[in-house]
Amino acid sequence: MIRHIVFFTATSSSDLEPILDGLALLTKIPHPRRLEVAPNRRSDPASKEIDVVVYGEFDSDAELAAYKGHPLYQEAIKRVRPLRELRFAVDYEIATAKTSITENARQ
């Protein structure tokens, strides 16, 4: 499984809602196993620069490629690109991640 995480910064605070609305289109694409779009809570005092995060889980590279090739993905880019300043993306195989499961997660 692949995790796809993308961070965005808005050019202006007034662009935050339109960015969230544009990225919400991604949740209608059928290829991810899970997809979330959310504003950053800014609870980490060392890093408050990021405004929005997109988090996705995909069963395969083919599913991730199909997601990125979907017309709604292209529409989201068209809406969001003019409103965002920075975009950082990461894709990684869950199987290669160093993982810890806490007692709370087991319940």
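This is a short talk on the sheet, the main pocket and the aromatic pairs of one structure.

Hi everyone, thanks for coming. One thing before we start: what we have here is a predicted model.

Let's begin with the sheet. Four strands make up an open sheet, and reading across we get β2-β3-β1-β4, paired in the antiparallel sense. Which strands sit at the edges? Those are β2, residues 34-39, and β4, residues 84-93, and each of them pairs on one side only. If you like to think in angles, the twist from one strand to the next averages 10°.

Now look at β1, which covers residues 2-10. With β4 it forms an antiparallel pair held over nine bridges. For a landmark in that pairing, find Phe-7: across from it, in β4, stands Phe-88.

On to the pocket. The largest one holds about 200 Å³ of space. Which elements give two or more residues to its lining? They are β1, β4 and the helix α3, residues 71-80. So we meet β1 and β4 again here, and α3 gives the largest share, four residues. In total 14 residues line this pocket, and the ones nearest its centre are Phe-8, Leu-23, Tyr-73, Ile-77 and Arg-87. For those of you wondering about the chemistry of the walls, the lining splits into 10 nonpolar residues, three charged and one polar.

Please keep Tyr-73 in mind, since that residue leads us to the last topic, the rings. How many aromatic pairs does the structure hold? There are two. In one of them, Phe-58 and Tyr-67 have ring centres 4.9 Å apart, and their planes meet at 55°, so we call this pair tilted. The other joins Tyr-67 to Tyr-73: here the centres are 5.2 Å apart and the planes stand at 65°, which makes the pair edge-to-face. The cut-off matters for these labels, because edge-to-face needs planes over 60 degrees apart.

Put the ring pairs together and Phe-58, Tyr-67 and Tyr-73 are linked into a cluster. Are these rings buried or exposed? Phe-58 and Tyr-67 are both buried. Tyr-67 has a relative accessible area of 0%. Tyr-73 comes out at 11%, and that is buried too, because the limit for buried is under 20%.

So if you open the model on your own screen, Tyr-73 is a handy place to start: this residue is among those nearest the centre of the largest pocket, and its ring pairs with that of Tyr-67. That's my tour, and I'm happy to take questions.

Conventions:
Residues numbered from 1 in each chain as written. Predicted model: local features only at pLDDT ≥ 70, side-chain atom pairs only at ≥ 80, totals over all residues. Heavy atoms only, no water. Pairing = 2+ DSSP bridges. Axes fitted to C-alpha atoms, helices over the stretch in contact; angles between N-to-C directions. 1 Å grid on protein atoms, 1.4 Å probe; cavity = no way out; pocket = protein on both sides within 12 Å on 5 of 7 lines; lining within 4 Å. Points joined across faces, edges and corners; volume = space filled by probe spheres on them. Nonpolar A, V, L, I, M, F, W, Y, C, P; charged D, E, K, R; others polar. Phe/Tyr/Trp six-rings, centres within 6.5 Å; stacked < 30°, edge-to-face > 60°. Buried < 20%, exposed > 50% of the residue type's maximum accessible area, 1.4 Å probe, protein only.
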